[in-house]
Amino acid sequence: VDYGVGNLRSVYMAFRRLGVEATVTGDAADLARAGALVLPGVGAFGHSIANLRPLGLEAPLRAIIADGLPFLGLCVGLQLLFEVSAELGEHRGLGVIPGRVRRFVGGLPVPHMGWNQIDQVQPSPLWQGLPDGSHAYFVHSFYGEPAEPGWTAATTDYGVSFCSAVSRGNLFAIQFHPEKSQDTGETILRNFLGVAGMPC
């Protein structure tokens, strides 16, 4: 999903390396015809949702997720699925996941940047062939906090144990960057493509 922000090129190239030619588009009609959707994101929540909203993509994205299309949110693309974010004031999100996006507090440096473990707390198709405790690459100052623990598929520790992955039905989202996470990221993208009926 192209909404003027994010790591579109690097995510696109990650799928190309897996033999999948993705389409980069911000057109709602194109999204409705997709076999699967990826919502990337880099930067501030407020800037991201402000870019997404004028394109008229909020309602189509919610409808596509509700209709069961395989959907993967990446980094800020995970956070945008929440009801509200506290980043630089309060901003309303897509409201797909009940809960809030909060800033890290405490003595550790912010942003949380670099390699960290993802601890699988619930089964997910994303984890197929991926050892528990695998490392992934993170860059973020805020994290999503689901109101219901059943949304959380993985946690990561950085001064606090936070939700680093969501998995429910057709909806998947991860706080880390798969395109920068080497074998871990490649495995997760392969598994998502398998869910979407596009094995590679």
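This passage describes strand pairing and side-chain burial in a predicted model. Residues are numbered from 1 along each chain as its sequence is written, and side-chain values use heavy atoms, with hydrogens and water left out. Because the model is predicted, local features need pLDDT of at least 70 and side-chain atom pairs count only at pLDDT 80 or more, whereas totals for chains, interfaces and linings use all residues.

Helices (H or I, at least four residues) and strands (E, at least two) are DSSP runs numbered from the N terminus, and two strands are taken to pair if DSSP finds at least two bridges between them. An open sheet of six strands, with mixed pairing, follows the order β1-β2-β12-β11-β10-β7. Its edges are formed by β1 (37–39) and β7 (119–120), each of which has a single partner strand, so one side of each is left without a neighbour in the sheet. Within this sheet, β10 (residues 152–157) and β11 (residues 161–168) run antiparallel and are joined by five bridges, T155 having C163 of β11 as its bridge partner.

Strand β8 (residues 135–140) runs antiparallel to β6 (residues 112–117), to which six bridges join it, and H135 of β8 is the bridge partner of Q117. The side chains of β8 alternate: A136, F138 and H140 point to one face and are buried, while H135, Y137 and V139 point to the other and are not; buried here means under 20% relative accessible area (1.4 Å probe, protein chains only).

In helix α3 (residues 45–52), the buried residues are F45, G46, S48, I49 and L52. Seen down the axis of α3, these fall within an arc of 165 degrees, so they line one face of the helix, the arc being that of the directions from the helix axis to the C-beta atoms.

Key: Buried < 20%, exposed > 50% of the residue type's maximum accessible area, 1.4 Å probe, protein only.
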